Amino acid sequence: MLAPNIEIISNEPEREYAQTVSLEHRKKYAQFFTPFVVAEFMTNWILGNKQLQTILDPAFGLGIFARAIRQKNADCFIKGFEIDETILHEANAIFEHEKNTSVLLKDYMFNDWGNHYDGIICNPPYFKFHDYDNKSVLKEIEENLGLKLNGFTNLYTLFLLKSAYQLNKNGRSAYIIPSEFLNSDYGKLVKSYLIENRLLRYIIVFDFEENVFDDALTTASILLFANDNKKSEVEFINIKSPDELQSLQIKIQSYPKGIAKKTFSFSELNPEIKWRSYYQKQNATRFKNLIPFSTYGKVVRGIATGANEYFTFNQSKAKEYNIDEKNLLPCITKSVDVSGSFFTKKNFEELKQQNKNIFLFNAIEQTEASSKYILKGEAEKINKRFLTASRNPWYALEKRPPSPIWVSVFNRNGLRFIRNEANISNLTTFHCIYLNLFSQPKADLLFAYLLTDISKEIFNDNRREYGNGLHKFEPNDINKALMVDLYEISKTDEEQILSLYYAYRESELSGNANASLLKKINGIFLKLFTK
Ligand SMILES: C[S@@+](CC[C@H](N)C(=O)[O-])C[C@H]1O[C@@H](n2cnc3c(N)ncnc32)[C@H](O)[C@@H]1O
């Protein structure tokens, strides 16, 4: 018989926990909980193994998966790992009458390599490489799996690889993780391993309007594995709301039967590319004569100071410390300071008058005041920060000339490009775009294109999703993205685009941006490049 308190078939314990324990503590341990309906869905996959006797949950939390399992299977043995004593104390109270459930206060990554399970179910902690002891964990993976992984690897994928290794014959595993690794550089080796071990069966990507995890800024996907040789392909499934899980349940119950549209054999899957192309229609496929953006230029991140509060200056701070303009580098420090598509000298002067932070301390000429300010930095240990400590001298700025075009890093409605007519520098809030010899003669035409919806649509194929509609582009996402070949445009079309573009620029700078001109430019590109 199950103890009555195990039959908690909702997120009530998690809700209570989140109310009593600080967000800081939860963040420290990456405690973001699985919604109960999702836990049930994952559980049903695991229970599809008819010989199931042992189950592992490597990141137990309050045991949402064990609670879901116990609704259907009272006998199997469930083992859990949990690193946080506080949450384990709560979990033990929930499971106190349960003989067949045992949770160990241990780090999953450094324990249990010798055991194998019939079912492994997990919502692993999301930790970027600098948030965990990444060297020791990677060493553990290398020693046990013979896999040398990229130092930027997020911990959740390492949980995933270890669990895939710990599956018994006919064992099944269900993981809920951010979709990020499918489309990121560090994910390539992880994907290669998943292709090689041939256990992956389904990748279910959530395209929810709302975050699946209440306060975590990520998108989620569920990966289902089976160690059974019954299939040699992976099916990609997109779902738009948790309600769709029910009908999906029926489909997945028929495993290994059923052939679906977005199915790719292990030999077809390419670990080198973003796997978004397998589950999301690529906008670029609708257009012709596309070439990589890197043909025309290079995108690199803006200046990172390592201590913005120290390095950034406004006019009053400059006055206070008596730093003259020779030792101040004009620089955009916040994206909100730039509203339009053109940033002119006049805009810069306006920000200066508004006392915005638009300078960086750039000690190129030694003055009494600059020496004093450097000493102040040392007294405040600014010279010991991660980035400053690696520079020589520590207060020297990264050498990065102003770029003619900026592009926003985080976006909600597609990429935002800005023509840097003021020729000033920028912090990491924007990436810099440098043009090469091939594109310099076409700079205006290129910028006209960057303002269009068609360009945004095609760039979107390479975005990273952060949940809640927030998208991020790393420099290489743009370098590798596609764009139209400007040299395919005839002289007449070019002239027409340019005259519309100059008119648009005028309209924007006079404070009355005429969007219909942009629409016309977009129309010309569509006419020329739609297949
Ligand atoms: C994302 S939560 C998931 C909790 C629960 N399984 C759920 O789905 O709601 C991850 C849990 O793993 C724990 N954890 C973090 N690092 C761990 C590690 N290295 N080994 C074991 N548990 C860990 C955290 O304390 C947290 O409770």
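Helices here are DSSP runs of H or I with at least four residues, numbered from the N terminus. With that in hand, look just past the end of helix α13: Asn355 sits there with a positive phi of about 60°. Keep in mind that this is a predicted model. Below is a quick tour of its largest pocket, one buried aspartate and two helices.

**The largest pocket**
- The largest pocket holds about 1,100 Å³ of space.
- Helix α10 (276-279), strand β21 (464-465) and helix α17 (475-479) are the elements that each give two or more residues to its lining.
- Of these, α17 gives the most, with three residues.
- In total, 35 residues line the pocket, and the ones nearest its centre are Phe129, Phe152, Arg464, Lys472 and Glu474.
- Sorted by class, the lining is a mix: 12 residues are nonpolar, 13 are polar and 10 are charged.
- As for how such spaces are found, rolling a probe the size of a water molecule over the atoms shows where empty space is left.

**Asp477, a buried residue in α17**
- Asp477 belongs to helix α17.
- Asp477 counts as buried because its relative accessibility is 2%, and the cut-off for buried is under 20%.
- Its side chain makes a polar contact of 2.6 Å with the side chain of Arg464; Arg464 is also one of the residues nearest the centre of the largest pocket.
- Leaving aside residues up to four places away in sequence, Asp477 touches Lys274, Asn462, Arg464 and Lys472.

**Helix α13, with a buried side**
- Helix α13 runs from 345 to 353, and its buried residues are Phe348, Leu351 and Lys352.
- Those three lie on the same side of α13, because they cover an arc of only 105° around the axis.
- Some background helps here: an α-helix has 3.6 residues a turn, so residues three or four places apart point the same way.
- Flip to the face turned away from the buried side of α13 and you'll find the exposed residues Lys346 and Gln353.
- What do the buried residues of α13 pack against? Their partners are helix α12 (315-321) and the strands β13 (328-332), β14 (342-343) and β15 (359-361).

**Helix α3, mostly covered**
- Helix α3 spans residues 36-46, and eight of its 11 residues are buried.
- The buried ones in α3 are Phe36, Val38, Ala39, Phe41, Met42, Thr43, Trp45 and Ile46.

Terms used: Residues numbered from 1 in each chain as written. Predicted model: local features only at pLDDT ≥ 70, side-chain atom pairs only at ≥ 80, totals over all residues. Heavy atoms only, no water. 1 Å grid on protein atoms, 1.4 Å probe; cavity = no way out; pocket = protein on both sides within 12 Å on 5 of 7 lines; lining within 4 Å. Points joined across faces, edges and corners; volume = space filled by probe spheres on them. Nonpolar A, V, L, I, M, F, W, Y, C, P; charged D, E, K, R; others polar. Buried < 20%, exposed > 50% of the residue type's maximum accessible area, 1.4 Å probe, protein only. Arc of directions from axis to C-beta. Contact = heavy atoms within 4.5 Å. Polar contact = N/O pair within 3.5 Å; in protein donor to acceptor, adjacent residues only side chain to side chain.
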